[in-house]
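Please read this note with the sequence and the model open side by side. The points below are numbered so that each can be checked in turn.

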Amino acid sequence: MAILVTGSTGTIGTQVLNHLAGHGVEVRALTRSPGKAQFPQHVKAVRGDLTDMDSVRAALDGVSTLFLLVPNVADELTQAMLTLTAAREAGVKGIVYLSVFKGEAYADVPHFAGKHTVERMIEALDLPATILHPAYFIQNDLRLKEPLVNFGAYGMPIGAKGISMVDIRDIGEAAAIELVRRERAPAPLGRETYALVGPDVITGEGAAAIWRDVLGRAVSYGGDDLAATEQRLKAAMPAWLALDMRLMLGRYQSHGAVATADDLARLTRLLGRAPRAYRDFARDAAAQWRKG
């Protein structure tokens, strides 16, 4: 039997595939273009698209464990629910679903609310799943290189409440651990939930201070202007998604997304070490930028 990874060519899917190496399990990666995909040697490319249920059913043949990641697309909820239905019908014994941190609380943020609805389906049908709740990805801030380096500005309007940002490498490792655990189990395991978070509570001003230290230059926080952020995001993504992101950032500003001590303790036990810190990421990024 095999593990099937969806979202395999994206940021998180790539991390999951890398962390599955060396575990002695068969790994398949769902992709629209198997001939073009470049995966690690231990990974078999499988043609499929989550909008095409016939291709999903075919890809699930011989699969016992599924990593389900659905990107932020307009029909994300439909794709996730139908893929879970196909996995259930195929007899998949283990699922690891990538949801989002605070999905149950941010009811007005579409991609949060959609992921929480998928969790409700998992619970209602008693599916054998691990649900992962990743916070804001630390590596999202790599996109801020130009304003940080050229203008001394931290431009993500995350506010002053604080968010427990997570390193994408920790997401990939946590997912791989749970996938392998479920794959090796002789029978379906009960549901588990993990918050995937970092050890820091990062605010806008706090992030600017970290970048000031690692870059060795003046860096200020760009402020909380959400309307301007939405307009800027529209240059890189569809207008509906830019609004979705603005709503998420608004919730960060009004409520924050801070991990509990128990969240961190559970993740530390899963990883066998403490999760990575934002300052370490920023220091490494600054060093790379100087080389470049």
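1. A good place to begin in this predicted model is helix 6, which covers residues 168–184 and therefore has 17 residues; from its first C-alpha to its last it reaches 24 Å, close to the 24 Å expected at 1.5 Å a residue. Helix 6 is also mostly covered, since 13 of its 17 residues are buried.

2. For the chain as a whole, the secondary structure comes to 11 helices and 9 strands. The protein chain has 292 residues and a radius of gyration of 19 Å, which agrees with the value near 19 Å that a compact globule of this length would have. Taken along the principal axes, the box filled by the C-alpha atoms is roughly 55 × 40 × 35 Å.

3. How much of the protein chain counts as buried? The share is 52% of the 292 residues, while the surface that the chain exposes amounts to about 13,100 Å², with carbon and sulfur atoms supplying 51% of that area. Of the contacts between residues at least 6 apart in sequence, 75% join residues at least 24 apart.

4. On charge, the protein chain carries 33 positive and 32 negative side chains, and the centres of these two sets lie 4 Å apart.

5. Helix 4, made up of residues 110–124, has 15 residues and reaches 21 Å from its first C-alpha to its last, close to the 21 Å expected at 1.5 Å a residue. Its buried residues are His111, Phe112, Gly114, Lys115, Val118, Glu119, Met121 and Ile122. In an α-helix there are 3.6 residues a turn, so residues three or four places apart point the same way; a reader may wish to hold the list of buried residues in helix 4 against that rule.

6. Which elements do the buried residues of helix 4 pack against? They pack against helix 3 (76–90), strand 5 (94–98), strand 6 (129–134) and helix 9 (239–255).

7. Helix 9 has 17 residues and, from its first C-alpha to its last, reaches 24 Å, close to the 24 Å expected at 1.5 Å a residue. The buried residues of helix 9 are Leu241, Ala242, Asp244, Met245, Met248, Leu249, Gly250, Arg251, Tyr252 and Gln253, and what covers them includes helix 4 and helix 8 (226–233). Just after helix 9 comes Gly256, with a positive phi of about 70 degrees.

8. Two backbone angles deserve a check, given that most residues other than glycine have a negative phi. Lys102, which is not a glycine, has a positive phi of about 75 degrees; it is found in the loop between strand 5 and helix 4 and is partly exposed, with a relative accessible area of 25%. Asp126 also has a positive phi, near 55 degrees, in a residue other than glycine, and is found in the loop between helix 4 and strand 6. At 58% relative accessibility, Asp126 counts as exposed, because the cut-off for that class is over 50%.

9. Is Phe101, in the loop between strand 5 and helix 4, buried or exposed? Phe101 is buried, because its relative accessible area of 8% falls under the 20% limit. Leaving aside its neighbours within four places in sequence, Phe101 is in contact with Phe112, His133, Pro134, Ala135, Ala195, Val197, Ala257, Val258, Ala259 and Asp263. The C-alpha atoms of Phe101 and Asp284, by contrast, are separated by 25 Å, with their positions 183 residues apart along the chain.

10. Val201 lies in the loop between strand 8 (192–196) and helix 7 (204–215) and is partly exposed, with a relative accessible area of 47%. Not counting residues up to four places away in sequence, Val201 touches Lys161, Gly162, Ile163, Ser164 and Val258. Val201 and Ile163 are 38 residues apart along the chain, and their C-alpha atoms are separated by 5.2 Å.

11. The last residue to look at is Asp225, in the loop between strand 9 (220–221) and helix 8, where it is partly exposed, with a relative accessible area of 48%. The C-alpha atoms of Asp225 and Gly155, 70 residues apart along the chain, are separated by 9.8 Å.

Notes: Residues numbered from 1 in each chain as written. Predicted model: local features only at pLDDT ≥ 70, side-chain atom pairs only at ≥ 80, totals over all residues. Heavy atoms only, no water. Helix = DSSP H or I, 4+ residues; strand = E, 2+ residues; numbered from the N terminus. Rg over C-alpha atoms; globule rule 2.2 N^0.38 Å. Buried < 20%, exposed > 50% of the residue type's maximum accessible area, 1.4 Å probe, protein only. Contact = heavy atoms within 4.5 Å. Areas by Shrake-Rupley, 256 points an atom, 1.4 Å probe, with all protein chains shown as cover. Lys, Arg positive; Asp, Glu negative; His and termini not counted. Charge placed at Lys NZ, Arg CZ, Asp CG, Glu CD.
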